[in-house]
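Hi,

Here is the structure I promised to pass on. Have a look at it first, and then read on for what turned up.

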Amino acid sequence: MTRVVEQRGLYFDELEEDVIYAHKPGRTVTEADNVLFTTMTMNTQALHLDAAWSSGQPFGQRLMNSMFTLSTMVGQSVTQLTQGTIIAQLGLTDVAFPHPLYHGDTLYTETVITGKRLSSSRPGQGVVTMQHTGRNQDGAVVALATRTCLMWTKEAHAATS
């Protein structure tokens with residue numbers, strides 16, 4: 001019989017604190033990404049949609065929608081860290097966008113596990129705190145977010161299958 005290897009994230013027990021998890025490949029963001037995401041979410045901010053108006057603003061051009069940047073940054077971490085091993089996202093805090101992301105930039109994300117503890121009320125599950133950092137192709141930090149997730153332990157998840 002052929003063995004099947006399923007792609008998954010890491011279990012609570014496999015995550016290490018103070019390790020940088022580099023999520024590759026990067027994601028080059030486009031004008032189409034920005035316009036689609038912005039209009040899908042009913043965000044009419046001219047800074048994302050109006051090139052002529054934006055050219056007269058401090059950055060001189062349209063900016064990528066920051067919620068797209070945040071979503072992509074978290075999304076880039078999924079396959080390596082939480083695919084199939086997360087129970088729930090509990091929250092996002094300390095979200096910041098210290099530098100703009102522009103059309104044509106490439107977003108690279110790294111994650112550091114800053115804390116983890118077993119749940120006192122949910123046996124076989126643990127709470128993990130992650131610090132996501134998004135950088136552009138030049139290394140400038142374009143986004144930061146602290147994310148808290150409820151994760152399976154390997155043994156408990158196997159027992160539910």
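**A glycine with no exposure**

Glycine 134 is buried, with a relative accessible area of 0%. Keep in mind throughout that this is a predicted model. Glycine 134 sits in strand β4. Leaving aside the neighbours within four places in sequence, its contacts are Met73, Leu107, Tyr108, Thr109, Ala140, Val141, Val142 and Ala143. There is also a long reach along the chain here: glycine 134 and leucine 70 are 64 residues apart in sequence, yet their C-alpha atoms are separated by 8.5 Å.

**Just after that strand**

Asparagine 136 is found in the loop between β4 (125–135) and β5 (141–152). Is asparagine 136 buried or exposed? With a relative accessible area of 5%, asparagine 136 is buried. If you set aside the neighbours within four places in sequence, asparagine 136 touches His99, Leu101, Asp105, Thr106, Tyr108 and Val142. Tyr108 and Val142 are also on the contact list of glycine 134, so to speak a shared address for asparagine 136.**The overall picture**

Stepping back, the protein has five helices and five strands. Read from the N terminus, the elements go β-α-α-α-α-β-β-β-β-α. The C-alpha atoms fill a box of roughly 60 × 40 × 30 Å along the principal axes. Of the 161 residues, 37% are buried. If you take the contacts with a separation of 6 or more, 71% of them are between residues 24 or more positions apart. The protein exposes about 8900 Å², and 54% of that comes from carbon and sulfur atoms.

As for records, an unreviewed UniProt entry carries the annotation "domain: MaoC-like" for residues 23–133. In the model, that span is 32% helix and 35% strand, and its end C-alpha atoms lie 10 Å apart.

**One pair of rings**

How many aromatic pairs does the count come to? The answer is one aromatic pair. The partners are phenylalanine 37 and phenylalanine 68, whose ring centres are 5.5 Å apart; their planes stand at 75°, so the pair is edge-to-face. This pair links distant parts of the chain, with phenylalanine 37 in helix α1 (residues 31–40) and phenylalanine 68 in helix α4 (residues 66–82), 31 residues apart. Both rings belong to buried residues: phenylalanine 37 has a relative accessible area of 19%, and phenylalanine 68 has 9%. For phenylalanine 37, bear in mind that buried means under 20%.

**Salt bridges**

The count of salt bridges comes to three. Here they are:

- Arginine 8 pairs with glutamate 14, and their closest N and O atoms are 2.8 Å apart. Arginine 8 is partly exposed at 33% relative accessibility, and glutamate 14 is partly exposed at 26%.
- Aspartate 33 and arginine 27 meet through their side chains at 2.7 Å, N to O. Aspartate 33 counts as buried at 17% relative accessibility, whereas arginine 27 is partly exposed at 31%.
- Glutamate 31 pairs with arginine 62, with 2.9 Å between the closest N and O atoms. This pair links distant parts of the chain: glutamate 31 is in helix α1, and arginine 62 is in the loop between α3 (51–55) and α4, 31 residues apart. Glutamate 31 is partly exposed at 42% relative accessibility, while arginine 62 counts as buried at 14%.

**A nonpolar patch on the outside**

Which residues form a nonpolar patch on the surface? They are Met67, Leu92, Val95 and Phe97, and together they have about 300 Å² of accessible area. Valine 95, one of the four in that patch, lies in strand β2 (residues 86–96). Its relative accessibility is 35%, so valine 95 counts as partly exposed.

If you open the model, you could begin with glycine 134 in strand β4 and then look at the ring pair of phenylalanine 37 and phenylalanine 68.

Cheers

Key. Residues are numbered from 1 along each chain as its sequence is written. This is a predicted model: local features need pLDDT of at least 70, side-chain atom pairs count only at pLDDT 80 or more; totals for chains, interfaces and linings use all residues. Side-chain values use heavy atoms; hydrogens and water are left out. Patches are made of residues with over 30% relative accessible area and no salt bridge: like charges are joined within 9 Å, nonpolar side chains (Val, Leu, Ile, Met, Phe, Trp, Tyr) within 5 Å. Accessible areas come from the Shrake-Rupley method with a 1.4 Å probe; for residues, only the protein chains shown count as cover. Helices (H or I, at least four residues) and strands (E, at least two) are DSSP runs, numbered from the N terminus. Buried means under 20% relative accessible area, exposed over 50%, partly exposed in between (1.4 Å probe, protein chains only). Contact means heavy atoms within 4.5 Å. UniProt positions are given in the numbering used here, feature names are shortened, and annotations may be inferred rather than shown by experiment. Rings of Phe, Tyr and Trp (its six-membered ring) pair if their centres lie within 6.5 Å; planes under 30 degrees apart count as stacked, over 60 as edge-to-face and the rest as tilted.
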